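Colleague: Got a minute to go through this model with me? I'd like to begin with one of the pockets.

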Protein chains: 2
Amino acid sequence: MENYTVLLHEHHLKATPQRLEIAYALDIYGHINIEKLYTILLQKFKTISLATIYKNINLMLDASFIQEVKIPDAKSVYELTKETHSHAICTQCSHIEDLSLNLNNIKENASSATQFQIKKADLIFSGLCKNCQ
Amino acid sequence: MENYTVLLHEHHLKATPQRLEIAYALDIYGHINIEKLYTILLQKFKTISLATIYKNINLMLDASFIQEVKIPDAKSVYELTKETHSHAICTQCSHIEDLSLNLNNIKENASSATQFQIKKADLIFSGLCKNCQ
DNA sequence: CTGGGTGCAAAGTATTTGCATGAAC
DNA sequence: GTTCATGCAAATACTTTGCACCCAG
């Protein structure tokens with residue numbers, strides 16, 4: 001990833017320095033929670049406020065520029081919107097990894113079991129990452 | 001389900017009237033958020049406080065008497081601990097359904113893809129329930 | 001230039017804590 | 001009787017809002 005300005009514009013968001021830095025941080029770190037994002041942005045913008053973070057996160061969510069990932073026993077983190085994928089989180093070090101899994105079969109099973117018209121499946125694994133085992 | 005006193009004791013929790021009612025409400029409704037739980041308990045205990053709800057929910061979570069279910073774009077709900085299962089939520093009416101799916105295969109795939117030692121998989125489907133389609 | 005973004009302060013909402021009283025075991 | 005739960009009030013944490021000023025397009 002490189003041109004966050006274009007990416008923001010594609011989502012009908014103005015490319016302010018603060019937003020560019022949020023996009024950059026999400027891209028580099030992969031998954032960040034509000035608190036950490038604030039800490040990171042503070043290094044670049046000495047006077048940035050949490051209100052700005054929250055406003056932008058909410059706008060970016062509305063614009064589908066980013067996605068929220070709800071994690072068991074932890075605060076939500078945010079990531080740039082990419083192809084659909086699942087997550088694995090380490091209960092020891094909190095490291096989060098993306099993974100692509102084919103969920104078509106399981107979606108069909110769920111659909112016939114529930115009679116739901118299923119639109120998406122959020123799947124998150126918890127365990128120990130390679131380093132923490 | 002019937003004897004919530006025994007069930008509470010099995011989890012090393014005293015069987016107070018408030019807790020019995022929480023257990024009953026969770027059993028009947030299946031999945032409830034804090035706010036709704038408070039509303040329900042208020043009918044039985046005119047002076048119950050939200051603090052009591054929160055304290056009990058946290059104790060019950062610690063004791064694995066109940067589980068939290070994090071839902072996309074909505075507040076968490078709680079359910080009595082049962083066999084491992086997945087959830088489907090209707091984006092229209094918020095109805096939540098439990099379903100049993102065999103995730104062994106997908107867990108193995110995730111394990112080899114991430115090198116994680118996987119302990120659990122939380123899977124939640126979003127879509128339209130039979131009534132809302 | 002103009003619409004929208006930023007930062008600050010304040011408000012609003014959600015959750016936790018301390019403590020005196022009361023109930024479970 | 002002893003331990004722990006309850007309910008209230010207050011404190012803390014989290015998130016949103018209003019507004020004056022400023023910047024991206």
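Colleague: How does the lining of the second largest pocket divide by class?

Modeller: Its lining has 10 nonpolar, six polar and four charged residues. Ala, Val, Leu, Ile, Met, Phe, Trp, Tyr, Cys and Pro count as nonpolar, Asp, Glu, Lys and Arg as charged, and the others, Gly among them, as polar.

Colleague: What volume does that pocket have?

Modeller: About 420 Å³. Among the 20 lining residues, A:Ile71, A:Ile89, A:Ser94, A:His95 and A:Ile96 are the closest to the centre. A pocket here is an open set of points on a 1 Å grid over the protein atoms alone, where a 1.4 Å probe fits, with protein on both sides within 12 Å along at least five of seven lines; lining residues have an atom within 4 Å of a point. The volume is the space filled by probe spheres set on the points, which are joined across faces, edges and corners.

Colleague: Any caveats?

Modeller: It's a predicted model, where local features need pLDDT of at least 70 and side-chain atom pairs pLDDT 80 or more, while totals for chains, interfaces and linings use all residues. Residues are numbered from 1 along each chain as its sequence is written, chains are lettered from A and ligands numbered from 1 in the order in which they are written, and side-chain values use heavy atoms, without hydrogens and water.

Colleague: On to the DNA. Which residues are closest to strand D?

Modeller: A:His9, A:Tyr54, B:Thr16, B:Thr47 and B:Lys55, out of 20 that surround DNA strand D. Near means a heavy atom within 4 Å.

Colleague: What does the side chain of A:His9 approach there?

Modeller: An N or O atom of the A:His9 side chain is 2.4 Å from a phosphate oxygen of strand D. For B:Arg19, the distance from a side-chain N or O atom to a phosphate oxygen is 2.9 Å. The B:Lys55 side chain instead has an N or O atom 2.5 Å from a base oxygen. Polar contacts are pairs of N or O atoms within 3.5 Å.

Colleague: And strand C, which residues come nearest?

Modeller: A:Thr16, A:Arg19, A:Lys55, B:His9 and B:Tyr54, of 20 around DNA strand C. Of the strand C atoms within 4 Å of the protein, 69% are sugar and phosphate.

Colleague: How are chains A and B related?

Modeller: A turn of 180° with a shift of 0.0 Å along the axis lays chain A on chain B, with an RMSD of 0.1 Å. So the copies are related as by a two-fold rotation axis. A:Leu123 has the chain A C-alpha nearest that axis, 2.2 Å away. Superposition is by least squares on C-alpha atoms of residues with pLDDT of at least 70 in both copies.

Key:
Polar contact = N/O pair within 3.5 Å; in protein donor to acceptor, adjacent residues only side chain to side chain.
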